[in-house]
Amino acid sequence: MSLKEHFACTSLTLQGMEAKYASAQCTIDGLRGSLSNLETSAVDTEQQHESVLNEMEEAAGRGEETALQLHHKLDEISSKYASNELRITSARTTSRRQQQTPTSHL
């Protein structure tokens with residue numbers, strides 16, 4: 001093989017290697033872009049997760065507040081019920097006494 005042929009062969013080999021390098025560089029750039037997209041997606045997902053957790057905590061807080069309000073109302077109703085039961089019992093007792101008391105006829 002002459003020096004000219006050897007140089008041509010080496011040149012072709014070098015061009016092939018440069019093409020492979022360029023292809024590899026494109027692949028690396030694509031992978032970097034994909035990684036960047038995945039990182040952005042991971043951050044977005046984490047923010048959405050935190051947002052949902054915050055909403056759940058707020059809803060739980062409102063639920064607890066509502067439960068306390070309902071418990072307070074139930075206590076009020078129970079107190080009124082007990083008071084009414086005492087009045088009814090008192091009224092029945094008074095009614096029985098009046099029925100048992102002889103009435104005088106003139």
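## Surface

In this predicted model, the protein exposes about 10000 Å². Carbon and sulfur atoms supply 59% of that exposed area. How many of the residues count as buried? Of the 106 residues of the protein, 0% do.

## Overall shape

Let's look at the dimensions next. Along its principal axes, the C-alpha trace spans about 160 × 15 × 15 Å. The radius of gyration tells you about the spread too: the protein has 45 Å, while a compact globule of 106 residues would have a value near 13 Å.

What is the secondary structure made of? The protein has one helix and zero strands.

## A stop along the helix

Take E18 as an example. This residue sits in helix 1, which covers residues 3-100. E18 has a relative accessible area of 47%, so it is partly exposed; the partly exposed range lies between 20% and 50%.

You can also use E18 to see how sequence and space relate. E18 and A8 are ten residues apart in sequence, and their C-alpha atoms are 15 Å apart in space.

## Cysteines

Now for two cysteines. C9 counts as partly exposed because its relative accessibility is 41%. C26 has 57% relative accessibility, so C26 counts as exposed. The cut-off for exposed is over 50%.

A disulfide is a covalent bond between the sulfur atoms of two cysteines. The structure holds zero disulfides.

## Charges

Finally, the charges: the protein has 10 positive and 15 negative ones. The mean positions of these two groups are 18 Å apart.

Note on methods
Residues numbered from 1 in each chain as written. Predicted model: local features only at pLDDT ≥ 70, side-chain atom pairs only at ≥ 80, totals over all residues. Heavy atoms only, no water. Helix = DSSP H or I, 4+ residues; strand = E, 2+ residues; numbered from the N terminus. Rg over C-alpha atoms; globule rule 2.2 N^0.38 Å. Buried < 20%, exposed > 50% of the residue type's maximum accessible area, 1.4 Å probe, protein only. Areas by Shrake-Rupley, 256 points an atom, 1.4 Å probe, with all protein chains shown as cover. Lys, Arg positive; Asp, Glu negative; His and termini not counted. Charge placed at Lys NZ, Arg CZ, Asp CG, Glu CD. Disulfide = S-S within 2.5 Å.
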